[in-house]
Amino acid sequence: MIETVHVPLGDRAYDIQIGQDVVARAPEWITPLLTQSRVAIVTDETVADQYLARLCAVFNDAGIQTVSLALPAGEATKSWPQFSRTVEWLLDQKVERNDIVIAFGGGVIGDLVGFAAAVLRRGVRFVQMPTTLLAQVDSSVGGKTGINAPHGKNLIGAFHQPSLVLADVGILDTLPKRAFLAGYGEVVKYGLLGDAAFFEWLEENAPAMAEGDINLRIAAVKRSCQMKADIVVRDETELRDRALLNLGHTFCHALEAATGYSDRLLHGEGVAVGCALAFDLSARMGLCSQEDPSRVRAHLRALGMKIDLRDIEGELPSTDDLIDLMSQDKKVLDGQLRFVLARGIGKAFVTPNVDTDLVKAVLNDAR
Ligand SMILES: NC(=O)c1ccc[n+]([C@@H]2O[C@H](COP(=O)([O-])OP(=O)(O)OC[C@H]3O[C@@H](n4cnc5c(N)ncnc54)[C@H](O)[C@@H]3O)[C@@H](O)[C@H]2O)c1
Ligand SMILES: O=C(O)C(=O)C[C@@H](O)[C@H](O)[C@H](O)COP(=O)(O)O
Ligand SMILES: [Zn+2]
């Protein structure tokens, strides 16, 4: 069974195909996009070891030639050296304006390859083939592409929508449990920011989904993509509502910078911790009840996820230094940081009116 979510963005509209065996059927959706029978695939070494030969064979059997590049796995790859390596490799392959570049991997590959496609010959089309839960529910959709800077997360990039997203939920079988749960941080974010009924559904179904239930995975990926598509269509370049998708990310990005974009804290883990902190802050400001942050924490804890700063291994910078790291957030407007807070589960909103002393108090409590 294939589920389709359409992203109606005018002349940049595209479909997200979600299901099992999507990789095996990839040529069905990609061939109509091709002007020449060839694709350039960029992936990471872990995904390449397990799936690249199979993907190339699927294309070759359909008469489509492939060239491929495998980058090191991990967040450190979202950097200038791997970015310029990718752009120059695509130029070496003489990828033309009308060709299709395929990002085959998690969010790291999707973000970097999307950015490379955005600047190559001033913009070539690309297809997202997300292989992690996080990439299937979030990073492959919506066109935010980019790399990290020493100054902060995703500070160099472009908006560049994919031409197609192919999400094969079967490929998640080989994802390590830790990476799966990190991706779940972004899934739960959707319920928390705008759909209380989805959060309730997750409370009931997430344990079975984590154990591998395919139909539950398809349902969760579809609902997440639909929610993201709806928001992106309303506000593609984050002038207003799109900032809701940043729930938990002001804390998360500061913590990722503080842990050196390393395995100490995966992005989705930081999102889960950040969501718990955003609900703490909302409760402290009297915006939501005290029960809401407790309910968020109870759910994340039941799945075995990180929820507090004390769950992150090793030393963290001081609270003041964490606040300082937040000053590079892209939601800063006229020098003032804006936070995504909530009036309850499923009721997030964006506000500049947050007292820094309350943020400090929340961070200190979470240590
Ligand atoms: N652009 C956006 O809108 C957006 C949204 C959310 C997150 N992101 C970005 O996404 C990145 C995180 O993405 P991620 O969590 O997918 O991390 P990732 O890309 O590093 O993948 C996690 C790990 O899983 C491995 N892997 C991938 N697929 C696998 C599979 N099927 N089986 C076994 N191993 C597999 C990878 O090699 C890697 O080691 C962050 O940089 C974050 O900022 C971007
Ligand atoms: O698509 C969006 O918009 C998001 O904010 C999704 C986030 O999950 C994602 O981590 C995104 O890359 C963060 O964007 P940033 O602009 O805060 O770097
Ligand atoms: Zn995120």
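These are my notebook entries on the domains, the two ligand shells and one helix pair of this predicted model.

**Entry 1: domains**

I began with the division of the protein. I found domain 1 at 2–174 and domain 2 at 177–366. Taken over C-alpha atoms, their centres are 25 Å apart.

Next I looked at the contact between them. Here 30 residues of domain 1 meet 30 residues of domain 2. On the domain 1 side, I noted the elements that supply at least two residues each: β1 (2–7), β2 (14–19), α5 (133–139) and β8 (152–159). I asked which of these elements gives the most to that side. It is α5, with five residues. I also sorted the domain 1 side by class: 16 nonpolar, nine polar and five charged residues.

**Entry 2: ligand 1**

I then turned to ligand 1. I listed 34 residues around ligand 1, and the closest are Thr46, Gly106, Gly107, Thr132 and Ser139. Five elements came up as giving two or more residues to this shell: α2 (45–61), α4 (107–119), α5, α6 (177–194) and α10 (267–284). I had already met α5 on the side of domain 1 that touches domain 2.

By class, I got twelve nonpolar, 15 polar and seven charged residues around ligand 1. Where does ligand 1 lie relative to the domains? Both domain 1 and domain 2 give residues to its shell, so I place ligand 1 between them.

**Entry 3: ligand 2**

I repeated the lookup for ligand 2. From domain 1 (2–174) and domain 2 (177–366) alike, residues enter this shell, so ligand 2 also lies between the two domains. I wrote down the residues around ligand 2: Asp138, Gly142, Lys144, Lys153, Asn154, Glu186, Glu238, Arg242, Leu245, Asn246, His249 and Lys330. The class split is one nonpolar, four polar and seven charged.

**Entry 4: helices α9 and α12**

Last, I checked a helix pair. Two packed helices are described by the angle between their axes and the distance between the axes, so I looked up both values. For α9 (residues 249–258) and α12 (residues 319–326), I have an angle of about 110° and axes 9 Å apart. That angle makes α9 roughly perpendicular to α12. The crossing of α9 past α12 is right-handed.

Which residues make the contact? From α9 I noted Thr250, Ala254, Ala257 and Ala258; from α12, Leu322, Leu325 and Met326. I counted six nonpolar residues, one polar and no charged in this contact.

Technical notes. Residues numbered from 1 in each chain as written. Chains lettered and ligands numbered in written order. Predicted model: local features only at pLDDT ≥ 70, side-chain atom pairs only at ≥ 80, totals over all residues. Near = placed C-beta within 6 Å. Nonpolar A, V, L, I, M, F, W, Y, C, P; charged D, E, K, R; others polar. Domains from an automatic or database assignment. Axes fitted to C-alpha atoms, helices over the stretch in contact; angles between N-to-C directions. Helix = DSSP H or I, 4+ residues; strand = E, 2+ residues; numbered from the N terminus. Parallel < 35°, antiparallel > 145°, perpendicular 65-115°, else oblique. Left-handed = near helix turned anticlockwise from the far one by under 90°. Contact = placed C-beta atoms within 7 Å.
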